[in-house]
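Colleague: I would like to go through this model with you, one part at a time. Please give the reasoning before each result.

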Amino acid sequence: MVVSLSKVEQSAPALVSLYKTAGASVETYGLSGQTVVVYLVVDYSYSMKSYYKDGSVQALADRVLGLSAHLGDDGTVPVVFFSSDVNTLTEIALGDHEGRIDRIVAGLGSMGGTNYHRAMDAVIRHYRESGSTAPALVLFHTDGEPNSKSEAERLLYEAAKLPIFWQFIGLGDQNSGQFRFLKKLDQLADPQKRPIDNAGFFAVGRNARRMSDAKLYDLMLSEFPTWLAAARAQGIVSTGPDGQAIVRPESALRDSSAPAPERRGFWARLLDR
C-alpha cells in the first residue's frame, strides 16, 4: 500500500505537489504498487555547511518524503547523518517534516570529515535487523569524496549481493573533480566482485532547489528498475505471489564487526523491540 493523497493532504499539505510529481515518476518507471524501503543518507561534513544553511538539505529531505510515500505505507523515512563517523540515526516523517533538518542538526555538534563506509554500514545493519522483505533504495547525498575510498569500495562490492541499491547524489557541479570517486563507484566493472550494478550517480548542481522536482525524481528512479530486474534475475530479489519483489531469507545481510552507532527515534523502536 502507498500513503494516500488524503493522508498527505492532512498530515503534510506542503508536500502535496511533491507527492503528485513523485507519483508520476513512480508510474513512468513501472514501480506503481511496488513496496521499496527508502533510506535517506546525508553528509554532515564541514564542506556541507552552506547546503544546510540555505535550506538545500531540507528541500531534498522533503522530496525524498514525497517519493517514499508512494513506495511505503507509513510516511516515515529512516535517515543517517554521517561525517567522520555516524552522527545520528533518526527519521523524518510526513507529519513532522517542516524544519526537521534544522532540529536534527541542532543536536549534532561539530561537523567532521567524510567517511561513506560508516553510513553504508549503518544502512546495512538497519536493513538486516529490520526484517524487511522489500528491496531498498538508498538516496545518498554528499558534496565530495570520502576519506577512506577503499572501505567505501569494499562495502559496495559486498552489497552487490544484497537487496540494496545505492543512488549517490552529488551536491555540486556534475563535471567537478570532487565527484571522480562517485563516478568510479557508478562504473565499477568486476563481475567477480560485483555481479550486479548496484549503484548510480548524478549531481544536482550547487543549488539543488533549482532542479525541477520532476527531473530530480526521474534521476532518483532512472537506474533502480534496471537494478531490480537484474537482482531478480540473479536471485537476490524474488517475486512473491502478489507480484511484489521480495528478498530471499538467505540474502539477508551479514553481521558487521563495526560497533553499533547510537539509535534514535524510528531506529531505536525498530531495533530494540
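What follows is a set of questions and answers on strands, cores, helix packing and one loop residue.

Colleague: In which sense do β2 and β3 pair, and over how many bridges?
Modeller: This is a predicted model. Strand β2 covers residues 76–82, and 3 residues lie between β2 and β3 in the hairpin they form. One bridge joins Thr76 to Ala93 of β3. The pairing is antiparallel, over 7 bridges.

Colleague: Is strand β3 largely enclosed or exposed?
Modeller: Buried here means under 20% relative accessible area. Strand β3 runs over residues 86–93, and 8 of its 8 residues are buried, so the rest of the structure leaves β3 largely enclosed.

Colleague: Which helix gives the most residues to the largest nonpolar core?
Modeller: The largest nonpolar core has 56 residues, and Tyr52, Leu67, Phe81 and Met220 touch the most other members. The helix that gives the most to this core, with 8 residues, covers residues 56–71 and is α4.

Colleague: Which residues of β3 does Phe81 contact?
Modeller: Neighbours within four places in sequence are left aside, and the contacts of Phe81 then include Val42, Tyr52, Ile101, Ile104, Val105 and Leu108. Strand β3 spans residues 86–93. The contacts of Phe81 that fall in that span are Val86, Asn87, Thr88 and Thr90.

Colleague: How are helices α2 and α9 oriented to each other?
Modeller: The axes of α2 (residues 16–28) and α9 (residues 213–221) come within 9 Å. They cross at roughly 45 degrees, and the crossing is right-handed. Angles from 35 to 65 degrees are neither roughly parallel nor roughly perpendicular, which makes α2 and α9 oblique.

Colleague: Which residues of α9 make the contact with α2?
Modeller: On the α2 side, the contact is made by Leu18, Thr21, Ala22, Ser25 and Val26. On the α9 side, the residues are Asp213, Ala214, Tyr217, Asp218 and Leu221.

Colleague: Which elements are among those covering the buried residues of α7?
Modeller: Helix α7 covers residues 149–159, and its buried residues are Ala152, Glu153, Leu155, Leu156, Tyr157 and Ala159. What covers them includes α6, β5, α8 and β6.

Colleague: Is Thr114 buried or exposed?
Modeller: Thr114 lies in the loop between α5 and α6. Its contacts beyond four places in sequence include Asp43, Phe82, Thr142 and Pro146. The relative accessible area of Thr114 is 9%, and the cut-off is 20%, so Thr114 is buried.

Colleague: How far apart in space are Thr114 and Ser47?
Modeller: In sequence, Thr114 and Ser47 are 67 residues apart. From C-alpha to C-alpha, the distance between Thr114 and Ser47 is 9.4 Å.

Methods: Residues are numbered from 1 along each chain as its sequence is written. This is a predicted model: local features need pLDDT of at least 70, side-chain atom pairs count only at pLDDT 80 or more; totals for chains, interfaces and linings use all residues. Side-chain values use heavy atoms; hydrogens and water are left out. Buried means under 20% relative accessible area, exposed over 50%, partly exposed in between (1.4 Å probe, protein chains only). Helices (H or I, at least four residues) and strands (E, at least two) are DSSP runs, numbered from the N terminus. Two strands pair if DSSP finds at least two bridges between them. A nonpolar core is a set of buried Ala, Val, Leu, Ile, Met, Phe, Trp, Tyr and Cys residues joined through side-chain atoms within 4.5 Å. Contact means heavy atoms within 4.5 Å. Axes are lines fitted to C-alpha atoms, for helices over the stretch in contact, and angles run from 0 to 180 degrees between N-to-C directions. Angles under 35 degrees count as roughly parallel, over 145 as roughly antiparallel, 65 to 115 as roughly perpendicular and the rest as oblique. A crossing is left-handed if the near helix is turned anticlockwise from the far one by less than a right angle, and right-handed if clockwise.
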